[in-house]
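This report describes the fold of one protein chain and the surroundings of selected residues. The structure is shown first, and the description follows.

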Amino acid sequence: MPEWIPDVLGDEFEQLTLELGEDDEGPLVATLVRAVPRDRPWWDRLRGQSLPLADVDVLYVHGWSDYFFQKRLARFWTSRGARFFALDLRKYGRSLRDGQTPGYITDLVAYDEDIAAALSAMGHGTGGAASPRRLVLLGHSTGGLTLSLWASRHPETADAVILNSPWLEFQVASARPLIAPVAELQARWAPREVAPQVDLGFYTRAQQEVADPDDPVEVNLLWRPAQTMAVHAGWFHAILTGHAKVAAGLTIDAPVCVLLSARSATPTRWSEDLTRADSVLVVDDIARASLKLGPSVTVERIDGALHDVFLSRHGAREEAYRRLDRWVRGWTAARRQ
């Protein structure tokens with residue numbers, strides 16, 4: 001039986017390997033990382049004072065060509081009493097094994113196995129029904145797309161869904177219906193065909209340019225390369241299929257908060273604009289697509305934010321955390337009514 005062991009992040013972080021069987025590239029695993037609240041002083045416990053999120057579990061899922069490394073994001077939750085869990089999906093980050101194609105998948109529904117294993121390890125059981133603790137889903141970019149689709153397929157499981165620049169629509173939304181049939185044919189006949197590399201590394205450079213020495217972040221470039229991992233036809237088709245489902249409308253029954261940059265910038269050449277905008281997604285299209293997730297959606301637009309709003313320059317990053325805190329406090333207050 002796998003056990004929790006110290007994580008590569010050190011400090012209060014631990015990891016657990018989740019066995020998922022195997023595919024044509026060998027054994028499959030996902031990796032669950034956790035951080036729990038620090039023990040509270042005895043006088044607070046004696047007075048019966050509890051933290052506002054003491055009954056909350058958070059499950060975070062990273063984006064494409066990514067993994068979990070954001071200590072401060074975890075501590076935002078644990079400082080308020082929540083237990084924080086982050087999932088490195090199969091073939092990403094801590095879960096990538098020798099001989100595997102990084103990030104490769106042909107159907108986003110396959111991640112249901114990763115999420116089910118994580119929920120079980122968190123004490124929520126299959127479908128999340130076994131725990132009295134509230135469940136918050138937190139996803140970034142492709143992880144936001146994955147969790148949105150999952151939450152829509154699993155009603156009455158999540159109590160809240162928070163999305164950090166979720167990839168809910170193709171970068172050229174009007175072209176998606178035209179591209180999708182071609183992508184389907186490529187995925188059927190040559191699923192591992194690799195698309196040309198179009199990422200010039202400017203998004204990584206933008207993060208480095210705005211790095212804050214007072215809020216340091218260490219990144220493993222083997223798990224999160226400066227240029228994105230190779231894009232394969234099978235994976236691309238899976239993403240477009242997910243976009244089409246969002247466009248048709250999802251039915252997430254939990255309240256949803258979407259955090260986005262105020263504007264996009266095209267990364268065809270380097271400029272300072274790329275340090276103050278989302279250079280990955282067309283944020284106006286994402287904002288519109290967000291309204292199709294469910295009946296209760298809040299969209300927060302943050303001036304100067306990068307694609308990962310929590311890795312933006314100091315002012316935008318702090319504003320992102322303020323907006324998140326405000327939404328969470330409102331959600332908590334509403335739950336008490």
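A residue is called buried when its relative accessible area is under 20%, exposed when it is over 50%, and partly exposed in between, with a 1.4 Å probe and protein chains only as cover. Serine 312, with a relative accessible area of 0%, is therefore buried.

The model is a predicted one, in which local features need pLDDT of at least 70 and side-chain atom pairs count only at pLDDT 80 or more, while totals for chains, interfaces and linings use all residues. Residues are numbered from 1 along each chain as its sequence is written, and side-chain values use heavy atoms, with hydrogens and water left out.

**Overall architecture**

The chain contains nine helices and nine strands. These elements are DSSP runs numbered from the N terminus, helices being H or I of at least four residues and strands E of at least two. The C-alpha trace spans about 65 × 45 × 40 Å along its principal axes. For 337 residues a compact globule would have a radius of gyration near 20 Å, and the value of 19 Å for the chain agrees with this. The radius is taken over C-alpha atoms, and the globule rule is 2.2 Å times the number of residues to the power 0.38.

Of the 337 residues, 53% count as buried. A contact is defined by heavy atoms within 4.5 Å. Among contacts between residues at least 6 apart in sequence, 75% join residues at least 24 apart. The chain exposes about 15300 Å², of which carbon and sulfur atoms supply 54%; the area comes from the Shrake-Rupley method with a 1.4 Å probe. There are 37 positive and 44 negative side chains, and the centres of the two sets lie 6 Å apart. Lys and Arg are counted as positive and Asp and Glu as negative, without His and the chain ends; each charge is placed at NZ of Lys, CZ of Arg, CG of Asp or CD of Glu.

**Nonpolar cores**

In soluble globular proteins, nonpolar side chains tend to be buried together. A nonpolar core is here a set of buried Ala, Val, Leu, Ile, Met, Phe, Trp, Tyr and Cys residues joined through side-chain atoms within 4.5 Å. The largest such core has 54 residues, and the members that touch the most others are Leu59, Leu87, Leu137 and Leu293. Leaving out residues up to four places away in sequence, leucine 137 touches Leu59, Leu147, Trp150, Ala151, Ala158, Ala160, Val161 and Ile162. Another core, of 36 residues, lies apart from the largest one and includes Val136, Leu138, Val328 and Trp331.

**Helix 9 and the loop before it**

Serine 312 belongs to the loop between strand 9 (297-302) and helix 9. Beyond its neighbours within four places in sequence, serine 312 is in contact with Val210, Gly304, Ala305, Leu306 and Arg317. Arginine 317 is part of helix 9 and is buried, at a relative accessible area of 4%. Besides Ser312, the contacts of arginine 317 outside four places in sequence are Arg72, Asp212, Asp215, Val309 and Phe310. Arginine 323, also placed in helix 9 (residues 314-336), is buried at 16% relative accessible area. With residues up to four places away in sequence not counted, arginine 323 touches Leu259, Glu300, Arg301 and Ile302.

**Loop residues**

The table sets out four further loop positions.

| Residue | Loop between | Relative accessible area |
|---|---|---|
| Lysine 91 | strand 5 (83-88) and helix 3 (111-122) | 2%, buried |
| Glutamate 156 | helix 4 (142-153) and strand 7 | 75%, exposed |
| Glutamine 171 | strand 7 (160-164) and helix 5 (176-189) | 28%, partly exposed |
| Histidine 232 | helix 6 (202-209) and helix 7 (233-248) | 10%, buried |

Lysine 91 has a positive phi of about 65° although it is not a glycine. Glutamate 156, likewise not a glycine, has a positive phi of about 60°. Glutamine 171 and aspartate 285 are separated by 114 residues in sequence, and their C-alpha atoms are 8.1 Å apart in space. With neighbours within four places in sequence set aside, glutamine 171 is in contact with Val280, Leu281, Val282 and Asp285. On the same basis, histidine 232 contacts Thr101, Tyr104, Pro191, Arg192, Glu193 and Val194.
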